[in-house]
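Me: Before we go through the labels used for this protein, please show me the sequence and the structure, so that each term can be set against its value.

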Amino acid sequence: MKEFPILFGPDDAPLMGMVTTPASGDAMPVACLMLNMGAGYRIGPRRINVKLARRLAQHGISSLRMDLSGLGDSSAPRGQERFTQQAVLDLQAAMKLLETTLGIQRFIVIGLCSGGGRGLSLAEVDPRVVGLFMFDSYAFPGPRARIERNLRRMLALLGNASVYGKVGRWLQRKLGPRQPSAQLFDDEPIEETQRYFTTTVKRLVERGVAVFVMYTGTLHVRDLGRDQLGPVADEPFAQQLDYRFIGEIDHTLTSLESQQTFLDEVSNWVRRVASGRPASKPAAGAQQAVKRAPVAAAKGTLPDMAAG
């Protein structure tokens, strides 16, 4: 495995990334672009992007984990584009970098939480994207799932002292004077977001893009058959998605068991997509139960802390 940091993109507003490639010359003609959640920088929660990049390099797949403009070690953008538009430009700069340095022209985007939204925006406009992984990104649970989730949260919060402070801050935001703030993200009504997700993912599936959506059991969420896709779960295009709900892992992959499960699921899917094999689909109505990996499986495989 080889690994090196690199600055790329506009000369007056360079982006920062870390390239990981296989040690031998037998690299596959597909590379992964890895995005973190929220405003976190490129390594991901618990350095999961680092671990995934090194796992994939062992199987001949190169990757670039990167900071979008204004995040982590990347410079602030010089233009006036909205956040999503700028993210697409940043990702296309990353694709150009890997095409120039490694000769790769096909890409899989690994997006954690909000990073999945940025990946969807890129896949929508760029045919070089052949795979898209979205982790706890878009979710539209139906009424039954929302009621159950809210009841579980209420019961769990009764014994949590921090909830009272959170409720107080929420009331202050709602009832107090409105504070002006810069709008970083493009806020839209949930109906518009659902319409965008449905239309865009349907087009990706028709285009032959492999799409993998994974959801966790964070905050007492349960799943009884693609609940997180809500009203679109029965759409024909949705049946073509690789869908996983893994209640035993959490949003920030706190435990070694969670990390090992995530790494196994995602690396296996990436390898199938990179090799041109279809992702595995369960029978209709089948539960997506995923067995947790034993902690012992992760021992001795955690990477060193030298690279970001």
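Me: Why is Leu175 called exposed?

Reply: The model is a predicted one, and in it Leu175 has a relative accessibility of 72%. Exposed means over 50%, so Leu175 counts as exposed. Leu175 lies in helix H5, residues 162-175, and together with Val167, Trp170 and Leu171 makes a nonpolar surface patch of about 420 Å².

Me: What makes the pair of Phe135 and Phe262 edge-to-face?

Reply: By the rule for ring pairs, the count of aromatic pairs comes to 10. For Phe135 and Phe262 the distance is 5.3 Å centre to centre, with 85° between the planes. Centres have to lie within 6.5 Å, and planes over 60 degrees apart count as edge-to-face, so both conditions are met and the pair is edge-to-face. The pair links distant parts of the chain, with Phe135 in strand S6 and Phe262 in helix H7 (residues 256-274), 127 residues apart.

Me: How do you know whether Phe135 and Phe262 are buried or exposed?

Reply: Phe135 has 0% relative accessibility, and Phe262 likewise has 0%. Buried means under 20%, therefore Phe135 counts as buried, and Phe262 counts as buried.

Me: Why is the pair of Tyr215 and Tyr243 called tilted?

Reply: The rings of Tyr215 and Tyr243 lie 5.5 Å centre to centre, with 45° between the planes. Under 30 degrees would count as stacked and over 60 as edge-to-face, so the angle of 45° leaves the tilted class for this pair. Tyr215 belongs to strand S7 and Tyr243 to strand S8 (residues 242-246), and the two are 28 residues apart. Tyr215 is buried, with a relative accessible area of 4%, and Tyr243 is buried as well, with 0%.

Me: Which residues do ring pairs link into a cluster?

Reply: The cluster consists of Phe133, Phe135, Phe212, Phe262 and Trp269, linked by ring pairs. Phe133 also stands opposite Phe212 in S7.

Me: What makes S6 a paired strand, and which strands does it pair with?

Reply: Strands pair if there are at least two bridges between them. Strand S5 (residues 106-112) and S6 have 6 bridges in the parallel sense, while 5 bridges join S6 to strand S7 (residues 210-216), again running parallel; both counts therefore meet the cut-off. On the S5 side, Gly111 stands opposite Met134 in S6. S5, helix H3 (residues 114-125) and S6 make a right-handed β-α-β unit. Strand S6 itself (residues 129-135) is mostly covered, with 7 of its 7 residues buried.

Me: Why is Ser24 called partly exposed?

Reply: Partly exposed lies between the 20% and 50% limits, and Ser24, at 46% relative accessibility, therefore counts as partly exposed. Ser24 lies in the loop between strand S2 (15-21) and strand S3 (30-35), and its C-alpha atom is separated by 9.6 Å from that of Ala57, 33 residues apart along the chain.

Me: Arg46 and Arg226 both have a positive phi, but what makes one of them partly exposed and the other buried?

Reply: Arg46, with phi near 55°, is found in the loop between S3 and helix H1 (48-57). At 38% relative accessibility Arg46 counts as partly exposed. Arg226, with a phi of about 60° although it is not a glycine, lies in the loop between S7 and S8. Its relative accessibility is 13%, under the 20% limit, so Arg226 counts as buried.

How values were computed:
Residues are numbered from 1 along each chain as its sequence is written. This is a predicted model: local features need pLDDT of at least 70, side-chain atom pairs count only at pLDDT 80 or more; totals for chains, interfaces and linings use all residues. Side-chain values use heavy atoms; hydrogens and water are left out. Buried means under 20% relative accessible area, exposed over 50%, partly exposed in between (1.4 Å probe, protein chains only). Helices (H or I, at least four residues) and strands (E, at least two) are DSSP runs, numbered from the N terminus. A crossover is right-handed if, with the strands pointing away from the viewer, the path from the first strand over the helix to the second runs clockwise. Patches are made of residues with over 30% relative accessible area and no salt bridge: like charges are joined within 9 Å, nonpolar side chains (Val, Leu, Ile, Met, Phe, Trp, Tyr) within 5 Å. Accessible areas come from the Shrake-Rupley method with a 1.4 Å probe; for residues, only the protein chains shown count as cover. A salt bridge is a side-chain nitrogen of Lys or Arg within 4 Å of a carboxyl oxygen of Asp or Glu. Rings of Phe, Tyr and Trp (its six-membered ring) pair if their centres lie within 6.5 Å; planes under 30 degrees apart count as stacked, over 60 as edge-to-face and the rest as tilted.
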